[in-house]
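Please look over the sequence and the model first, and then follow the paragraphs below, which go from a single residue outwards to the helices and strands around it.

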Amino acid sequence: MYQITPGQDLLCIGYTGLYGTRYILDRKLDKITDHFSRTYLTEETQHLDKLPRIDIRDHRISVENIPILTRTGVPVREDEPELVAMLNAGELSYGAISDLLPSFEMKYGVSKIREIREGGILSALWDFCAEEGRDPATGRILSPGPGCEYFLSRIPVLQFTVELCECLELMPFRIYAGGAYLAAASQGYRLCEELNRLGVSASVFGHLTAGRQRLRMDGAEPGFLTNEHRDEIDKI
């Protein structure tokens, strides 16, 4: 029996490719310094360091390094226009919340969730669907699993990640993305709205279908998702 069902929303929680972005900055800096100024790289590294760190396990969303109102302990949206001014005024501080959205699975119909790791979100999406066709006891393939339709343009990814990947001729949606999560939910838009309100980046980028095809829908014409698991970082 499928954990995920046709019609459910596909969503990405957190920015995809952050681990790969940090890897490039930490270990491949020599390959990008001719393309970006030191000042720009320093600014973007500082921005990376200020992003919330997400951990979803045991039915809880835990977040570290998240801006919180000092008086109330309520998280603040990442895109709050007065964020810097509020921090400078002492109205905000960075902290941690161990259960950001209690009972989120039941409330928003989340049937399956997994961390995105090696191979990026596209590798994770293939496995997310394909493993539904396996017998959980034996691992034997019983069916191809459900299909999906998705839009790359709706996946949360930092512009800096895209720029680094363009410089190195890498596909940003196929680089290691630890700390971001792929989920299926019946009320994905509502869940993403609430997570965004609480300072966590999240977006619905597609939905599950009854057919076998897994299609990208925002190209010049629909394109097929392929079963590739090599991480683009390995190219450098």
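P156 is buried in this predicted model, because its relative accessible area is 8% and a residue counts as buried under 20%. The place of P156 is in the loop between β6, residues 147-150, and α6. Once the neighbours within four places in sequence are left aside, P156 is in contact with C12, G14, Y15 and T16, and also with S201, A202 and S203. Another residue to locate from here is A180, which stands 24 residues away from P156 in sequence, while the two C-alpha atoms are 9.5 Å apart in space.

From this loop the chain can be followed into helix α6, where T161 lies. T161 counts as buried, because its relative accessibility is 1% and the limit for that term is under 20%. Not counting residues up to four places away in sequence, T161 touches G17, T21, P172 and I175.

The contact between T161 and T21 leads to the packing of two helices, since T161 in α6 and T21 in α1 are both among the residues through which these helices meet. Helix α1 covers residues 18-27 and helix α6 covers residues 159-168, and they pack at an angle of about 60° with their axes 10 Å apart. The two helices are therefore oblique to each other, and their crossing is left-handed. On the side of α1 the contact is made by T21, I24 and L25, and on the side of α6 by F160, T161, L164 and L168. Sorted by character, the residues of this contact are five nonpolar and two polar, with no charged residue.

Helix α1 also packs against a second helix, α2, which spans residues 38-50; here the angle is about 140° and the axes are 12 Å apart. That angle makes α1 oblique to α2 as well, because only angles over 145 degrees would count as roughly antiparallel. The crossing of α1 and α2 is left-handed. L18, T21, R22 and L25 in α1 meet L41, T45, L48 and D49 in α2, and these residues divide into four nonpolar, two polar and two charged. T21 and L25 thus appear in the contact of α1 with α6 and again in the contact of α1 with α2.

How many of the 11 residues of helix α5 are buried? In α5, which runs through residues 120-130, nine of the 11 are buried, and the helix is mostly covered. The buried residues are G120, I121, L122, S123, A124, L125, W126, F128 and C129. What covers them includes the strands β1 (9-13), β5 (110-116), β6, β7 (180-185), β8 (202-209) and β9 (214-216).

Elsewhere in the chain, three strands form an open sheet in the order β2-β3-β4, with antiparallel pairing. The strands β2 (53-57) and β4 (92-97) stand at the edges and have a single partner strand each, so one side of each is left without a neighbour in the sheet. Neighbouring strands of this sheet are turned by 20° against each other on average, with direction ignored. Strands of a sheet pair through backbone hydrogen bonds, in either a parallel or an antiparallel manner. Strand β3, made of residues 60-69, pairs with β4 in the antiparallel sense over five bridges, and P67 stands opposite Y94 in β4.

Conventions
Residues numbered from 1 in each chain as written. Predicted model: local features only at pLDDT ≥ 70, side-chain atom pairs only at ≥ 80, totals over all residues. Heavy atoms only, no water. Axes fitted to C-alpha atoms, helices over the stretch in contact; angles between N-to-C directions. Helix = DSSP H or I, 4+ residues; strand = E, 2+ residues; numbered from the N terminus. Parallel < 35°, antiparallel > 145°, perpendicular 65-115°, else oblique. Left-handed = near helix turned anticlockwise from the far one by under 90°. Contact = heavy atoms within 4.5 Å. Nonpolar A, V, L, I, M, F, W, Y, C, P; charged D, E, K, R; others polar. Buried < 20%, exposed > 50% of the residue type's maximum accessible area, 1.4 Å probe, protein only. Pairing = 2+ DSSP bridges.
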